[in-house]
Amino acid sequence: MKKFRLGLLPRIIIAIILGIFFGNFLPVPAVRVFATFNSIFSNFLQFLIPLIILGLVTPAIADIGKGAGKLLAITALIAYLDTVGAGLISYFTSATLFPNLIPAHNSVAAFAQVKAPGAYFTINIPPILDVMTSLVASFTLGLGIAFFSSPHLKELCNEFKDIVVKTIEVVILPLLPVYIFGIFLSMTHTGQAMRVISVFISVIGIIFVMHVVLLLLQYVVAGTVSHKNPFRLLANMLPAYFTALGTSSSAATIPVTLKQTEKNGVSSAIAGFVVPLCATIHLSGSMLKIVACAVALMLMTGMPFDFGAFLGFILMLGVMMVAAPGVPGGAIMAALGVLSSMLGFGQSEQALMIALYITMDNFGTACNVTGDGAIAIVMDRFFNKKSATLAAA
């Protein structure tokens, strides 16, 4: 018989519910046990973040950098600009709507001043590198491997990537629900959990609407460029959208995305090149979610922010998204580094980001996949005559 396994999202939801439930009556000594676990786990996660960047971004940059041809360069540029554009749309929408929304649910900024039960002890695990050092090192190594075609160094980087991915799969993801449980246990004990949940629900609703608007904008542009009905183009991509919604995997949805993209009149050569590539580098839906969640949590916890800080964050996150498909659990794991280094997110904010992001993970993946079809339409419009040659380049 096939062994039944709960996915990450159900486990996160169960952890939140149990944390709120037990937080109402567990004594302080029991709460401190989970606070101790969270402190150690958080320190290990901070240690691992630079290694995640180094292990995942380096081979991703090397794989993209070794490609040749104008089709690759323009597809990558459009995917990056679209991802950054989604982040900017998300920022301005969130910065406009959320300040009026979050105070209406009582300010959660008070959570930062509430004294939660502390850990019995902690274990400091200093990172080997800081986040920016590991990011610059990843770019340097990745581009160097691509330029010099270094097979041995590339194999070493891929083996290191396997170690990082296995660590995430075997250690981080199984313990993540316990970490989330501890966070909500502590928040319930201090009386803040229901305020956070009420804000979460409102934020999720707004982010879903932004996903719909983003897809409409992408297909209006694609329809304008290709002189086709954008709504019909988008309707043809719905099977890919719902497949991604069910699988929560861009890679698993590639066959359906290819089929529906060709149904929109894109040549098989262009579709066969652009769709698999964009499944790796185009994550506009993920960007939209991360930026909106970050703005919401900074408002909730009273952290100051401005457009200048977020612009740098969005530009850097657009590059980090290249590594996201290689990270189990979604793009949020790849984004933790820049969240901490550029926006100042600490332990509690990172845990809430993970919980809020994973709650909508399927919808972000579906938005990413559906947007891939729009990019393929644009690329087909300009490269169709030379598609066979360019796709082979």
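In the predicted model, helix 6 (residues 193-226) supplies the largest share of a nonpolar surface patch, contributing six residues. The patch covers about 740 Å² and is made by I89, F208, V209, V212, V213, L216, L217, F231 and F363. One of these residues, V209, lies in helix 6. With a relative accessible area of 48%, V209 is classed as partly exposed, because that class extends from 20% to 50%. For the chain as a whole, the exposed area is about 16,800 Å², of which 69% is supplied by carbon and sulfur atoms.

The secondary structure consists of 16 helices, with zero strands. Of the 393 residues in the chain, 51% are counted as buried. Among contacts with a sequence separation of 6 or more, 86% are accounted for by residues 24 or more positions apart.

In soluble globular proteins, nonpolar side chains tend to be buried together. In the present model, the largest nonpolar core comprises 115 residues, and the members touching the most other members are F184, I290, F313 and L339. Helix 5 (residues 151-189) gives the most to this core, with 13 residues. The surroundings of I290 were examined with neighbours within four places in sequence left aside; on that basis I290 is in contact with F313, L317, M321, A331, I332, A335, M353 and Y357. F313 thus appears both in the contact list of I290 and, together with I290, among the core residues that touch the most other members.

Helix 15 comprises 23 residues, from 361 to 383. Its end C-alpha atoms are 33 Å apart, which agrees with the 33 Å span expected at 1.5 Å a residue. This helix is mostly covered, since 19 of its 23 residues are buried. F383 is located in helix 15 and has a relative accessibility of 10%, so this residue counts as buried, the limit for that class being under 20%. The C-alpha atoms of F383 and L71 are separated by 7.6 Å in space, although the two residues are 312 positions apart in sequence. The two phenylalanines F363 and F383 can be placed within this description: F363 is one of the residues making the nonpolar surface patch, whereas F383 is buried.

Technical notes. Residues are numbered from 1 along each chain as its sequence is written. This is a predicted model: local features need pLDDT of at least 70, side-chain atom pairs count only at pLDDT 80 or more; totals for chains, interfaces and linings use all residues. Side-chain values use heavy atoms; hydrogens and water are left out. Helices (H or I, at least four residues) and strands (E, at least two) are DSSP runs, numbered from the N terminus. The expected span of a helix is 1.5 Å times one less than its number of residues. Buried means under 20% relative accessible area, exposed over 50%, partly exposed in between (1.4 Å probe, protein chains only). A nonpolar core is a set of buried Ala, Val, Leu, Ile, Met, Phe, Trp, Tyr and Cys residues joined through side-chain atoms within 4.5 Å. Contact means heavy atoms within 4.5 Å. Patches are made of residues with over 30% relative accessible area and no salt bridge: like charges are joined within 9 Å, nonpolar side chains (Val, Leu, Ile, Met, Phe, Trp, Tyr) within 5 Å. Accessible areas come from the Shrake-Rupley method with a 1.4 Å probe; for residues, only the protein chains shown count as cover. A salt bridge is a side-chain nitrogen of Lys or Arg within 4 Å of a carboxyl oxygen of Asp or Glu.
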